[in-house]
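Colleague: Before I rely on the labels attached to this model, I would like to hear the reasoning behind them. Could you take me through it, setting each value against its cut-off?

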Amino acid sequence: MRRYVSGVTTILLARHGETDWNSERRWQGHADRPLNDVGLAQARELADSLADAPIAAIYSSDLARARQTAEVVAAAHALPLELDTGLREVDVGEWSGLSIEEAEQKYPEGFWRWQDGLHGWDEGESYEQMRERVVAAVLAIAERHPEETILIVTHGGSIRACRASADGLDYATSRKTDLRSTANCDVVPLHAAGGRLRRAD
């Protein structure tokens with residue numbers, strides 16, 4: 001992992017630890033689900049893995065699963081934690097709490113759209129709306145920390161939004177062409193410079 005590059009901000013994007021809905025493969029969106037025991041252990045492992053990282057600041061989505069994860073790392077680094085609602089996962093509207101099977105049965109047309117890379121829900125927000133929101137929040141944070149390394153604890157969809165932006169892709173294309181998934185407490189490094197994100201891996 002590259003931890004510092006002259007002239008840019010190094011961003012370590014970490015996904016939150018596991019929740020019960022993660023283990024049950026349910027859409028969470030803005031639902032404020034806490035970490036389960038596995039998720040808390042993952043958060044501690046994340047803190048251990050970042051023990052030697054030169055982290056100057058720690059930010060997190062305000063949703064409990066991200067905040068609880070970030071709190072563990074912030075305590076280990078003796079750093080304050082700053083919350084940002086712009087880092088939230090996509091709002092999945094009426095799909096919140098549904099499993100993949102339940103969504104397919106209840107909203108077959110929407111499920112087909114979702115499989116094609118778009119959002120399937122009618123309420124909530126689109127993936128592109130989420131991408132715009134999250135990338136703007138991440139870049140605003142990066143501007144406050146020139147040439148520093150920062151940790152941002154967020155969500156799987158939010159991390160994909162940032163990767164898509166760094167690759168110059170829209171979200172739907174990213175879902176079709178970038179098959180990497182971000183597991184709970186995985187870390188994805190990116191760079192920010194000149195008002196844009198770029199790959200660091």
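Modeller: Let me begin with a definition: a residue is buried when its relative accessible area is under 20%, exposed when that area is over 50%, and partly exposed in between. Please keep in mind throughout that this is a predicted model.

Colleague: Why is Arg88 called partly exposed?

Modeller: Arg88, which is found in the loop between β3 and α4, has a relative accessibility of 22%. Buried would require a value under 20% and exposed a value over 50%, so Arg88 at 22% counts as partly exposed.

Colleague: What makes the approach of Arg88 and Asp62 a polar contact?

Modeller: The side chains of Arg88 and Asp62 are joined at 2.8 Å, and the cut-off for such a pair of N or O atoms is within 3.5 Å. Asp62 is also among the residues that Arg88 touches, a list including His30, Ser61, Leu63, Met130, Arg133 and His155, with residues up to four places away in sequence not counted.

Colleague: How do you know that Leu87 is buried?

Modeller: Leu87 lies in the loop between β3 and α4, and its relative accessible area is 1%. The limit for buried is under 20%, and Leu87 at 1% is therefore buried. Leaving aside neighbours within four places in sequence, Leu87 is in contact with residues including Tyr59, Ser60, Ser61, Arg133, Ala137, Val138, Ile141 and Ile152. Asp116, by contrast, is 29 residues from Leu87 in sequence and 24 Å from it in space, C-alpha to C-alpha.

Colleague: Why are Gln42 and Cys185 placed in the buried class?

Modeller: Gln42, in helix α2, has a relative accessible area of 17%, and Cys185, in the loop between α8 (171–177) and β5 (187–193), has one of 13%. Set against the limit of under 20%, the value of 17% makes Gln42 buried, and the value of 13% makes Cys185 buried. Gln42 is in contact with Cys185, as well as with Gly17, Glu18 and Asn184, once its neighbours within four places in sequence are left aside.

Colleague: What is noted about the phi angles of Cys185 and Ala78?

Modeller: Phi of Cys185 is near 70°, a positive value in a residue other than glycine, and phi of Ala78 is near 55°, again positive in a residue other than glycine. Ala78 is found in the loop between α3 and β3. Its relative accessibility is 69%, and since exposed means over 50%, Ala78 counts as exposed.

Colleague: How do you know that Leu139 is buried?

Modeller: Leu139, found in helix α6, has a relative accessible area of 15%, and with the limit at under 20% this makes Leu139 buried. Apart from neighbours within four places in sequence, its contacts are Ala192, Gly195, Arg196 and Leu197.

Colleague: What makes Trp27 and Trp95 an edge-to-face pair?

Modeller: The rings of Trp27 and Trp95 are 4.9 Å apart, centre to centre, with 70° between the planes. Pairing needs centres within 6.5 Å, and edge-to-face needs an angle over 60 degrees, so 4.9 Å and 70° meet both conditions. The pair links distant parts of the chain, with Trp27 in the loop between α1 (20–23) and α2 and Trp95 in the loop between β3 (81–83) and α4 (100–106), 68 residues apart. Both Trp27 and Trp95 are buried.

Colleague: Why is the pair of Trp95 and Trp121 also called edge-to-face?

Modeller: Trp95 and Trp121 are 5.3 Å apart, centre to centre, with 75° between the planes, which again satisfies the limits of within 6.5 Å and over 60 degrees. Trp121 lies in the loop between α5 (108–115) and α6 (127–143) and Trp95 in the loop between β3 and α4, so the pair ties together parts that are 26 residues apart in sequence. Ring pairs link Trp27, Trp95, Tyr107, Phe111, Trp114, Trp121, Tyr127 and Tyr171 into a cluster.

Colleague: Which values describe the packing of α2 and α3?

Modeller: Helix α2 (residues 37–49) and helix α3 (residues 64–77) pack at an angle of about 35°, with their axes 8 Å apart, and their crossing is right-handed. Ala43, Arg44, Leu46 and Ala47 in α2 meet Thr69, Val72, Val73 and Ala76 in α3, and the residues of this contact divide into 6 nonpolar, 1 polar and 1 charged.

Technical notes: Residues numbered from 1 in each chain as written. Predicted model: local features only at pLDDT ≥ 70, side-chain atom pairs only at ≥ 80, totals over all residues. Heavy atoms only, no water. Axes fitted to C-alpha atoms, helices over the stretch in contact; angles between N-to-C directions. Helix = DSSP H or I, 4+ residues; strand = E, 2+ residues; numbered from the N terminus. Left-handed = near helix turned anticlockwise from the far one by under 90°. Contact = heavy atoms within 4.5 Å. Nonpolar A, V, L, I, M, F, W, Y, C, P; charged D, E, K, R; others polar. Phe/Tyr/Trp six-rings, centres within 6.5 Å; stacked < 30°, edge-to-face > 60°. Buried < 20%, exposed > 50% of the residue type's maximum accessible area, 1.4 Å probe, protein only. Polar contact = N/O pair within 3.5 Å; in protein donor to acceptor, adjacent residues only side chain to side chain.
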